[in-house]
Amino acid sequence: MDFDLNETQKLFKSSARELFAQECPPEAVRAMIENGEPYSEALWQKLVEQGWTGLIFDEADGGMGLGYVEMAVAFEEMGRALVPGAFLSTVPLAGSLIAAAGNEAQRGQYLKAICDGKAKATVALLEAGGDWDLDAVQLQAVESGSGLTLNGTKLFVGDAGAVDYLITAARLGSDVALAVVESRAPGLTVKPMPSMDATRHLYEVTYDAVEVAAADVLARGEAARQALRQALDVATVALAAEMVGGMQWVLDATVEYAKTRKQFGKAIGQFQAIQHHCADMLLLTESARSAVYYAAWQMGNGAEEAPVAVSVAKAYVSDACREVGNLGIQVHGGIGFTWDEPLHFYYKRAKASELMFGDATFHRERLARLVIDAAAEPAKAARGSGD
């Protein structure tokens with residue numbers, strides 16, 4: 001069994017690294033952060049030209065039809081370059097949700113626009129409790145004519161101020177519904193929220209009697225729940241791969257610093273304590289990479305164990321990415337958290353990404369539920385056959 005990338009995937013990885021070296025160098029990222037606008041239309045158009053906005057979607061919907069391993073490759077390189085913008089919100093999150101929940105007409109209208117680079121989107125899920133569990137959704141949807149009327153507030157909505165559509169999860173009776181809401185819809189208010197990661201803005205979104213046409217309701221009930229779970233798993237793998245890319249950058253930068261920074265007449269990398277830190281960072285990074293690519297492979301093969309692999313990867317990477325950041329700053333010393341050094345940007349993204357789509361505790365609890373549910377299946381089947 002070959003655990004490495006194949007030749008095509010290696011070429012894709014190499015071309016992605018070259019793309020971001022040219023189009024998203026560190027000084028460009030810093031300029032966007034200092035300007036308070038981590039969105040570059042020029043960079044977005046470059047990704048569109050490369051077909052990245054349709055990377056994982058079927059050719060029938062305007063996509064490239066590549067797999068989740070290729071998605072992980074792309075996001076690892078994006079994390080390494082600290083790429084800002086709404087790509088994560090638009091493609092693996094909102095795009096995957098439309099692909100899973102939308103009918104042919106809805107995919108033709110919204111997903112094709114994403115694949116063509118003509119539209120950006122995000123998902124409005126979290127509320128005051130900050131809980132990624134679907135049962136925590138409380139924003140109210142009521143039947144109104146042939147559509148829905150939405151009232152309530154969503155919090156921590158990624159990139160809501162830069163997108164065209166918000167895929168909104170709402171409470172409809174005793175279950176949930178998914179609706180596409182235009183960013184300029186009457187009654188919709190988008191307000192910035194404080195964000196630890198300056199490359200990825202968060203927003204509070206208020207719905208005041210926002211009307212949604214029946215044609216823009218993607219799914220209801222169990223179909224909505226299944227689509228949300230699928231999209232969140234895809235986005236979680238993408239985010240975890242991005243975190244691995246950030247870990248690799250921190251490791252490389254720390255090793256290079258340890259080679260050049262001198263203390264007591266020699267490079268600090270010659271001290272055993274520093275070597276231990278670097279070795280631990282390498283172990284955490286490689287272990288995280290293995291977990292992420294296994295999850296991507298499982299997702300691509302439609303395996304029943306894919307949700308387990310996704311949660312294992314996110315639980316491990318959430319802790320590992322934070323620890324690699326900690327060790328990187330420890331080796332750099334005080335200079336590691338000064339504004340002029342880019343290391344603190346990666347550390348802040350690591351902390352923000354740790355919580356996004358569920359932290360390690362959330363995913364360990366999810367793993368426990370998945371294991372318990374899997375263990376209960378044979379008993380249910382046996383009872384069913386005995387009736």
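Biologist: Where is S40 found?
Modeller: This is a predicted model. α3 covers 41-49, and S40 is placed between α2 and that helix. S40 is therefore found in the loop between α2 and α3.

Biologist: Does S40 count as buried, partly exposed or exposed, and at what relative accessibility?
Modeller: Buried means under 20%, and exposed means over 50%. S40 falls in between, so it counts as partly exposed. Its relative accessibility is 25%.

Biologist: What distance separates the C-alpha atoms of S40 and A94?
Modeller: Along the chain, S40 and A94 are 54 residues apart. In space, their C-alpha atoms are separated by 19 Å.

Biologist: Which residues of helix α2 are buried?
Modeller: Helix α2 spans residues 26-34. Four names come up in that span: V29, R30, M32 and I33.

Biologist: Why do the buried residues of α2 line one face of the helix?
Modeller: Look down the axis of α2. The buried residues do not spread all the way round, because they fall within an arc of 160°.

Biologist: Which element do the buried residues of α2 pack against?
Modeller: The partner covers 343-355. The buried residues of α2 pack against α10.

Biologist: What is the phi of G36, which follows α2?
Modeller: G36 comes after helix α2. Its phi is positive, near 75°.

Biologist: Is R30 buried or exposed, and what is its relative accessible area?
Modeller: R30 lies in helix α2. The cut-off for buried is under 20%. R30 is below that, so it is buried, with a relative accessible area of 19%.

Biologist: Which residues is R30 in contact with, leaving aside its neighbours within four places in sequence?
Modeller: R30 belongs to α2. Its contacts beyond those neighbours are W339, D340, E341, P342 and F345.

Biologist: How far apart in space are R30 and L82, C-alpha to C-alpha?
Modeller: In sequence, R30 and L82 are 52 residues apart. In space, C-alpha to C-alpha, they are 9.8 Å apart.

Biologist: What is the phi of L82?
Modeller: L82 is found in the loop between α4 and α5. Most residues other than glycine have a negative phi. L82 is not a glycine, yet its phi is positive, about 55°.

Biologist: Does L82 count as buried or exposed, and at what relative accessibility?
Modeller: Buried needs a value under 20%. L82 meets this, so it counts as buried. Its relative accessibility is 4%.

Biologist: Which strand does F156 lie in?
Modeller: F156 has a positive phi, near 55°, and is a residue other than glycine. F156 is partly exposed, with a relative accessible area of 36%. The strand that holds F156 covers residues 147-158, and it is β3.

Biologist: Which residues is G147 in contact with, leaving aside its neighbours within four places in sequence?
Modeller: G147 is also found in strand β3. At 3% relative accessibility, G147 counts as buried. Its contacts beyond those neighbours are V142, V212, A213 and A214.

Biologist: How far apart in space are G147 and E304, C-alpha to C-alpha?
Modeller: The two are 157 residues apart in sequence. In space, C-alpha to C-alpha, G147 and E304 are 35 Å apart.

Biologist: Which residues does Q298 touch, not counting residues up to four places away in sequence?
Modeller: Q298 has its place in helix α8, residues 272-300. At 5% relative accessibility, Q298 counts as buried. Beyond those sequence neighbours, Q298 touches A303, E305, A306 and A309.

Biologist: What is the relative accessible area of D373?
Modeller: D373 is found in helix α11, residues 360-386. Exposed would need over 50%. D373 is partly exposed, with a relative accessible area of 47%.

Biologist: How many helices and strands are there in the protein chain?
Modeller: Now for the whole chain. Buried residues make up 52% of its 387 residues. Its elements are 11 helices and 10 strands.

Biologist: What is the radius of gyration of the protein chain?
Modeller: For 387 residues, the globule rule gives 21 Å. The chain comes close to that, so it is as compact as a globular protein of that length. Its radius of gyration is 22 Å.

Note on methods: Residues are numbered from 1 along each chain as its sequence is written. This is a predicted model: local features need pLDDT of at least 70, side-chain atom pairs count only at pLDDT 80 or more; totals for chains, interfaces and linings use all residues. Side-chain values use heavy atoms; hydrogens and water are left out. Helices (H or I, at least four residues) and strands (E, at least two) are DSSP runs, numbered from the N terminus. Buried means under 20% relative accessible area, exposed over 50%, partly exposed in between (1.4 Å probe, protein chains only). The radius of gyration is taken over C-alpha atoms; the globule rule is 2.2 Å times the number of residues to the power 0.38. The arc is that of the directions from the helix axis to the C-beta atoms. Contact means heavy atoms within 4.5 Å.
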